[in-house]
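Here is a walk through one protein model, taken a few contacts at a time. Please keep the sequence and the structure in view while reading.

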Amino acid sequence: SAPLLEVRNLKVHYPITSGIIFDRVVGQVRAVDGVDLTIPKGQTYGLVGESGCGKSTLGKAVLRLAPVTEGSVQFDGTDITTLQGERLRAMRQRMQMIFQDPMSSLDPRQNVESILTEGLAAHGIGKNRAQQREIIGETLDRVGLPRWALSRYPHEFSGGQRQRIGIARALALGPDLIIADEPVSALDVSIQAQVVNLLDELQDSLGLTYLVIAHDLAVVRHISDTVGVMYLGALVEEAPSDDLYAEPLHPYTRALMSAVPVPDPDVEDRRERILLAGDLPSPSNPPPGCRFHTRCPWAQPERCADERPELVEIRPGHRVACHWVNEIADGRIQRHEVTP
Ligand code: SF4
Ligand code: MG
């Protein structure tokens with residue numbers, strides 16, 4: 001189907017300032033540094049990476065909550081990169097966000113009814129109070145919360161129910177795109193699947209499009225049509241979900257994947273563990289060449305440290321940014337120890 005969201009060469013750079021009134025720019029944090037991604041209508045794109053890789057900043061930039069330094073964001077055929085005022089507000093109603101920790105994103109002094117009504121009022125949805133109550137009631141049904149929840153406060157609910165309130169708040173506005181930033185990582189593992197399943201059901205019944213951001217590859221596996229892996233502000237691999245999990249090709253994805261536990265405890269896990277040496281380098285001073293070369297167990301003296309690999313399509317829909325992807329896949333280049 002047609003793309004709902006098209007992100008082109010997106011860059012979000014923040015100045016690092018110094019001086020008593022922070023008036024001297026001494027560097028730049030390249031939080032997002034040239035990302036392309038496309039999400040067709042009704043599909044889910046899972047965006048994965050360690051904290052600090054820029055994935056949340058990318059989500060915010062799509063919503064124009066982080067400043068776009070370069071590149072563009074097209075939403076349903078409209079370039080929204082420079083929209084302002086009323087047109088930006090109208091567009092934002094169609095793009096809603098769900099946050100990691102519903103406890104900190106829901107105002108504890110507001111009851112559920114006022115939390116859900118607030119957005120409707122701000123966007124002028126519903127002709128009157130009665131109509132707004134109808135919309136809110138339907139939304140509660142959709143997320144599986146009882147009507148009596150309306151008079152209660154966030155602290156009276158469990159973590160999973162609070163996330164349902166967060167989802168209801170987004171849904172009430174009738175969005176087309178939902179950006180879910182770590183929607184289940186604050187929840188118990190037993191509750192995570194329920195919330196992911198709810199998101200999946202809502203997608204089917206409402207035709208929603210999702211960008212789901214997570215640090216955990218396992219979380220986005222079943223809900224995503226396409227998965228993108230980010231490292232230091234850039235995508236290093238992108239593929240249809242099944243392909244990526246069946247055969248990760250980028251060294252960084254391989255390392256992340258080797259840390260995902262096998263779902264069936266009776267199946268012996270014979271995969272090799274790939275532990276990454278060292279910390280994530282600073283996005284204000286990313287390594288030259290391939291940004292992953294300081295931690296890559298397959299890094300070569302040739303090219304890796306001085307030539308930045310482009311994202312190249314290796315198979316249909318499967319794109320990888322690594323100079324040696326083929327040599328690594330067929331074993332011509334072997335893994336070695338990395339000492340940080
Ligand atoms: Fe590793 Fe080199 Fe490939 Fe980068 S380009 S992922 S350093 S092998
Ligand atoms: Mg789905």
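Begin with a group of charged side chains: Arg 30, Asp 33, Arg 291 and Arg 308 are joined in a network of salt bridges. The model is a predicted one, and the distances given below are computed from it. In general, side chains of opposite charge can pair when their charged atoms come close.

Within this network, Asp 33 pairs with Arg 291, and the closest N and O atoms are 2.6 Å apart. Asp 33 belongs to strand S2 (residues 24-40), whereas Arg 291 sits in the loop between helix H10 (251-258) and strand S11 (312-315), so this salt bridge ties together parts that are 258 residues apart in sequence. Asp 33 and Arg 291 are both buried.

Asp 33 also forms a salt bridge with Arg 308, at 3.9 Å from N to O. This pair again links distant parts of the chain, with Asp 33 in strand S2 and Arg 308 in the loop between H10 and S11, 275 residues apart. Are these two partners buried or exposed? Asp 33 has a relative accessible area of 5% and is buried because that value is under 20%. Arg 308 has a relative accessible area of 39%, which lies between the 20% and 50% limits, and therefore counts as partly exposed.

The structure holds 20 salt bridges. Another of them joins Lys 55 and Glu 182, with the closest N and O atoms 3.9 Å apart. Lys 55 is in helix H1 (residues 55-62) and Glu 182 is in the loop between strand S7 (177-181) and H7, so the contact ties together parts that are 127 residues apart in sequence. Both Lys 55 and Glu 182 are buried.

Helix H7 leads on to the metal site. Which protein residues act as donors to the magnesium ion (ligand 2)? They are Asp 200, through OD, and Gln 203, through OE1, and they lie 2.3 to 2.6 Å from the ion. Both residues lie in helix H7 (residues 189-206), where they are three residues apart, about one turn of the helix.

The two donors can also be described by their accessibility. Asp 200 counts as partly exposed because its relative accessibility is 28%. Gln 203, at 6% relative accessibility, counts as buried because this is under 20%.

Note on methods. Residues are numbered from 1 along each chain as its sequence is written. Chains are lettered from A and ligands numbered from 1 in the order in which they are written. This is a predicted model: local features need pLDDT of at least 70, side-chain atom pairs count only at pLDDT 80 or more; totals for chains, interfaces and linings use all residues. Side-chain values use heavy atoms; hydrogens and water are left out. Donors are N, O and S atoms within 2.8 Å of the metal (3.2 Å for Na, K and Ca); water is not among the atoms, so sites may look incomplete. Helices (H or I, at least four residues) and strands (E, at least two) are DSSP runs, numbered from the N terminus. Buried means under 20% relative accessible area, exposed over 50%, partly exposed in between (1.4 Å probe, protein chains only). A salt bridge is a side-chain nitrogen of Lys or Arg within 4 Å of a carboxyl oxygen of Asp or Glu.
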